[in-house]
Amino acid sequence: HARASSSRPSVPLPPLPLTCSRRRCMAKSRARGASGGGWLSGWGSIKCLALAALLLYVLCFLLQPLEPPPPVLSVVDAAPPPRPAGQAAEKGRAVVAATDDEALEVPDTSGETGAKTVEDGDEREQHLSRAAPTPPPPAPRSALRPPAVVAARAGDSKVGTGGGKKLLVVLAAGLAQLEGSLVVINSAAKHARDPSRLQFRLVTTAADKDALLARLRERLPPGLDLGAVAFEPWLPRVLQLLGGKSSGRAELFSALNFAAFYLHEIFPESQRVLYLDTDVVVLGDLPQELASVDLHGQPAGVAEDCSQRLGKYVDMDRLKKKNISHEIPLELLAKKKTCVVNRGVVLIDTARWAALNITGAIEALVRAHLSKRAGPLWRSGVSQPPFLLAIAGRYTDLGAEYNVRGLGRSDIAPEEITHYKDKQLWRPYFDRFLKKCEFNCCAGCKGWAMTPFVSPLAHRAKILHYNGRLKPDKAGRRSPEPVSPPAKNLDAKQRAAREQVPLCSCGDQCLQECAAIWWEHLPAAP
């Protein structure tokens, strides 16, 4: 009202005629003013002014011209501008970038539901996208990472020439395992659709490192990614784990036999490492099948084998009696009837392995096993039993075909055959080759175990494992042709000899010498 009246010229108003009524009103007003209760005095004056100010503020606000609301930005538009070169990233920003990049490495399982959600969101905000300015192109993801993270994950981000993610394959070997290493690397490269996706690293001694690499390169196909790492920095810890009498095989007490448990420290830049023993033959496409396989948050992927149980190797009653679980840095989930796995083929998630302290648990178990107070805790084996105890309940089963083991054994236990029959993997044809063990039996197996060892899964294998005493290189080059069931009238020398020849399935009605497959993959000497 004040703004409206100020725009017009002031015009004096004529005095109002004083009527009787008006005279009485003015008299009453003068009386109230004299007594301090007038309309424009005391609290009445304050109330009047406050009310006038409030009405003036509301009126001014309503008379202002309306302005358009600010434009609504999409998520991309709202992102902060790229940092100038050399400017340090904020701490929170670096963590978020690294976490986002980790999530990209997980296979996309959103499926149709996730795609539909994105489409719905685009449709709802389509009118906003037209009004918003075109955002600048996003910075490369490596620029969003701290430099230390880029360096740590550089090995994981590499891809082969065909575009697939690479797989780091690690062997623990010295010059004594040259031929075994040749077979592993050559067979893996031969069966990979894109060999450039394979990275081979050997954990060895400083004395053998250069010579081992040179001899491997002489006989392997050119262009393979080969390297070696000396194991000496880890020897002080490993030497404390060597000892005991749980095996008569001296090679199992080598420090390199424990190297598989330290790969998260030897190769911290790699998120995933595939460890292979030097007595395996690879028949599958490793990078295609294992580089991105989901481990479901577990520290390792292994081949579960329920034809044997943990109680066969570990004295679980003594383990409980000596209260060993309180000395281990993680809860032991193993039971007597727990299925076994074999540490000759282990796909390791290095971050999860380190977070759960699997290596610390293995070291504590071996120290307890070697101590006079608690040990011995297992009946046979050196590095295998503590691995079984630590990893039980903490692995993803890759499938039996990824570790078809026992191909260096002379006999097979009856319960193993029963297991294969229950799984419908054993064929009646294989029974024609079996006899009771007489000459080359394991301790306590004479007259009970069957011989020779027969692998019913070999023709379906992705990885063959020649664990046992009968290494294929000791047998000499063998023929790959199928063998026939033995005659019934063999003499003692012939029966003893055939117990030393493990057989592998080459079909439902076919067996061949396992050693022949190994020899097929050994590169010729220069």
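Here are some worked exercises on a predicted model, each with a step-by-step solution.

**Exercise 1. Find out what Glu513 pairs with, and whether Glu513 is buried or exposed.**

Step 1: Look for the partner. Glu513 makes a salt bridge with Arg478, and their closest N and O atoms are 2.7 Å apart.

Step 2: Place both residues. Glu513 belongs to strand β16 (residues 510–513), while Arg478 sits in the loop between β14 (463–465) and α21, so the bridge ties together parts that are 35 residues apart in sequence.

Step 3: Check the exposure. Glu513 has a relative accessible area of 16%. Buried means under 20%, so Glu513 is buried. Arg478, at 30%, counts as partly exposed.

**Exercise 2. Work out which parts of the chain the salt bridge between Glu438 and Arg495 ties together.**

Step 1: Start with the contact itself. The closest N and O atoms of Glu438 and Arg495 are 2.8 Å apart.

Step 2: Locate the two ends. Glu438 is in the loop between β11 (435–436) and β12 (450–451), and Arg495 is in helix α21 (residues 492–498), so parts that lie 57 residues apart in sequence are tied together.

Step 3: Compare with the solvent side. Glu438 is partly exposed at 31% relative accessible area, and Arg495 is partly exposed at 28%.

**Exercise 3. Determine which helices are linked by Asp431 and Lys421, then place this pair among the salt bridges of the whole structure.**

Step 1: Begin with the pair. Asp431 and Lys421 form a salt bridge in which the closest N and O atoms are 4.0 Å apart.

Step 2: Name the helices. Asp431 is in helix α20 (residues 428–431) and Lys421 in helix α19 (residues 414–422), 10 residues apart.

Step 3: Look at accessibility. Asp431 is partly exposed at 34%, and Lys421 is partly exposed at 43%.

Step 4: Widen the view. The whole structure has 16 salt bridges. Some share partners, and in this way Asp305, Arg405, Arg409 and Glu416 are joined into one network.

**Exercise 4. Describe the open sheet of 7 strands, from its order to its edges.**

Step 1: Read the order. The strands follow one another as β3-β2-β1-β4-β9-β6-β10, and the pairing is mixed.

Step 2: Find the edges. These are β3 (225–230) and β10 (395–397), each of which pairs on one side only.

Step 3: Consider the turn between neighbours. Ignoring direction, neighbouring strands are turned by 25 degrees against each other on average.

Step 4: Zoom in on one pairing. Strands β4 (residues 272–276) and β9 (residues 345–349) run antiparallel and are joined by 5 bridges. Val273 stands opposite Ile348 of β9.

Step 5: Add a helix. Helix α11 (residues 209–219) lies across β2 (198–204) and β3, at about 160 degrees to β3.

**Exercise 5. Locate the cis peptide bond between Gly375 and Pro376, and the one between Thr451 and Pro452.**

Step 1: Take Gly375 and Pro376. Omega of their cis bond is about -5 degrees, and Pro376 lies in the loop between α17 (358–370) and α18 (384–391).

Step 2: Turn to Thr451 and Pro452. Here omega is near 0 degrees, and Pro452 is in the loop between β12 and β13 (454–455).

**Exercise 6. Say where His296 and Gln424, which have positive phi values, are found.**

Step 1: His296 has phi near 55 degrees. His296 is in the loop between α14 (286–290) and β6 (300–302), and is exposed at 59%.

Step 2: Gln424 has phi of about 60 degrees. Gln424 is in the loop between α19 and α20, and is exposed at 63%.

Terms used. Residues numbered from 1 in each chain as written. Predicted model: local features only at pLDDT ≥ 70, side-chain atom pairs only at ≥ 80, totals over all residues. Heavy atoms only, no water. Salt bridge = Lys/Arg side-chain N within 4 Å of Asp/Glu carboxyl O. Helix = DSSP H or I, 4+ residues; strand = E, 2+ residues; numbered from the N terminus. Buried < 20%, exposed > 50% of the residue type's maximum accessible area, 1.4 Å probe, protein only. Pairing = 2+ DSSP bridges. Axes fitted to C-alpha atoms, helices over the stretch in contact; angles between N-to-C directions. Contact = heavy atoms within 4.5 Å.
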